[in-house]
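Have a look at the chain below before reading on. The notes after it are a walk through its main parts.

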Amino acid sequence: MTQNTVEKSAVTLLGLGAMGAALARTWLAAGHPLTVWNRNPHRSAALAAEGARVADSVADAVAASTLVVVCLLDDASVDEVLAGADLADRDLVNLTTSTPAQARARAEWARECGARYLDGGIMAVPPMIGVREAGGYVFYSGSRELFERHRETLGVPAGTTYVGEDAGFAALHDVALLSAMYGMFAGSAHAFALIRKEDIDPASLAPLLADWLVAMAPAVHRTADRLRSGDYTEEVSSPLAMQVAGTPTLLSTAEQQGVSPELLKPYFDLMRRRLGEGSDEEDLTGVIDLLMR
């Protein structure tokens with residue numbers, strides 16, 4: 001009787017911060033031979049006990065596997081760690097947070113080093129890694145052939161979403177979504193500040209706030225459709241003029257509650273400016289055009 005086994009791809013991982021360690025443990029749990037390196041050897045020791053091979057140097061780690069994954073603090077750290085490493089014929093996957101320009105420059109640098117390159121933007125926090133139902137995923141951009149070659153391995157820690165051959169697109173998608181997230185956090189912070197001095201339990205506002213944000217989320221699809229068509233007035237239920245007319249109430253309420261308007265006012269200023277330049281009947285999409293330099 002024979003037993004069919006599927007050989008798992010070997011992975012080298014450089015960087016064992018909170019995210020790197022989470023990635024490492026999911027690959028180990030899935031049976032992938034894993035070589036790790038970290039500037040602080042203390043973090044490597046914990047993973048060695050779980051089956052990882054600890055490399056003595058970056059050069060040793062890079063030589064151990066064709067697939068080399070980098071998860072470091074920033075782009076400068078990637079420069080420092082990989083300086084002098086022989087990346088020839090290596091598949092380099094960079095999961096270090098960077099800007100689109102940095103990712104494109106890194107892709108060119110990798111090509112000059114003889115490596116194939118994928119850039120990644122992780123849309124998850126460490127506790128979400130390896131937990132499929134948590135919904136975390138990673139944007140990937142660069143060589144599609146390289147992505148397809150390693151799709152199964154890269155999909156072990158989190159879902160994978162390929163966004164294009166341009167190496168900068170993963171970082172761009174990452175920053176776009178994070179920017180929207182912080183905008184949501186800003187609005188939520190203002191909402192909680194408004195009730196802070198009142199006899200209102202924040203825990204009672206939280207589900208109302210969450211449900212309201214979920215209800216408003218589909219508006220992004222309408223915005224995308226209007227940007228594609230160029231018509232900002234089609235099927236608009238809340239015209240810009242009406243929304244601008246309502247902003248004084250929001251600002252007055254903030255003043256009466258002793259809350260700074262600094263999180264809202266810049267957006268309201270853009271709304272009023274757009275109203276002066278555009279159509280009374282359009283929606284908020286035109287504000288996007290004002291942001292373009």
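What follows covers confidence, the sheet, the helices around it, the nonpolar cores and two single residues.

This is a predicted model, in which local features need pLDDT of at least 70 and side-chain atom pairs count only at pLDDT 80 or more, while totals for chains, interfaces and linings use all residues. Residues are numbered from 1 along each chain as its sequence is written, and side-chain values use heavy atoms, with hydrogens and water left out.

**Confidence**

pLDDT is the predictor's confidence in each residue, from 0 to 100. The chain averages 95, and 98% of the residues score at least 70. Residues 1–5 are another story: pLDDT stays under 50 there, and the model has zero contacts for them beyond four places in sequence. A contact here means heavy atoms within 4.5 Å. Where pLDDT is low, the predicted coordinates should not be read in detail.

**The sheet**

Helices (H or I, at least four residues) and strands (E, at least two) are DSSP runs, numbered from the N terminus. Two strands pair if DSSP finds at least two bridges between them. In general, strands of a sheet pair through backbone hydrogen bonds, either parallel or antiparallel.

In what order do the eight strands of the open sheet lie? The order is β3-β2-β1-β4-β5-β6-β7-β8, with mixed pairing. At the edges sit β3 (53–54) and β8 (159–162), each pairing on one side only.

Here are some of the pairings around β1 and β5, each with a residue pair to find.

| Strands | Sense and bridges | Residue pair |
|---|---|---|
| β1 and β2 | parallel, four bridges | Val11 and Leu34 |
| β1 and β4 | parallel, four bridges | Val11 and Leu67 |
| β4 and β5 | parallel, four bridges | Leu67 and Asp91 |
| β5 and β6 | parallel, four bridges | Leu92 and Tyr117 |

Asparagine 94 of β5 has a bridge partner in β6 too, namely aspartate 119.

Are the faces of β5 (residues 91–94) covered or open? Both are covered: Asp91 and Val93 on one side are buried, and so are Leu92 and Asn94 on the other. Buried means under 20% relative accessible area, exposed over 50%, and partly exposed in between (1.4 Å probe, protein chains only). β1 has both faces covered as well, with Val11 and Leu13 buried on one side and Thr12 and Leu14 on the other.

**Helices and crossovers**

A crossover is right-handed if, with the strands pointing away from the viewer, the path from the first strand over the helix to the second runs clockwise. One right-handed β-α-β unit is made by β1, α1 and β2. Another uses β4, helix α4 (residues 75–82) and β5. β5 then goes on through helix α5 (residues 100–112) to β6, again as a right-handed unit.

Helix α5 packs on the sheet, touching β5 and β6, and its direction makes about 150 degrees with that of β6. Helix α7 (residues 169–195) also packs on the sheet, where it touches β6 and β7 (137–142) and makes about 10 degrees with the direction of β6. For these angles, axes are lines fitted to C-alpha atoms, for helices over the stretch in contact, and angles run from 0 to 180 degrees between N-to-C directions.

**The cores**

A nonpolar core is a set of buried Ala, Val, Leu, Ile, Met, Phe, Trp, Tyr and Cys residues joined through side-chain atoms within 4.5 Å. The largest one has 29 residues, and those with the most contacts inside it include Leu13, Val69, Val93 and Tyr140. Its largest share, six residues, comes from α1. A second, separate core of 20 residues includes Leu14, Ala61, Val62 and Val68.

Valine 93 is a handy spot to zoom in on: leaving aside neighbours within four places in sequence, its contacts are Leu67, Val68, Val69, Val70, Leu118, Tyr140 and Leu154.

**Two residues to compare**

Aspartate 75 belongs to helix α4. Why does aspartate 75 count as buried? Because its relative accessible area is 14%. Not counting residues up to four places away in sequence, aspartate 75 touches Thr96, Thr97, Gln102 and Arg106.

Alanine 206 lies in helix α8 (residues 202–216). Alanine 206 counts as partly exposed because its relative accessibility is 31%. Its C-alpha atom is separated by 8.6 Å from that of phenylalanine 192, 14 residues apart along the chain.
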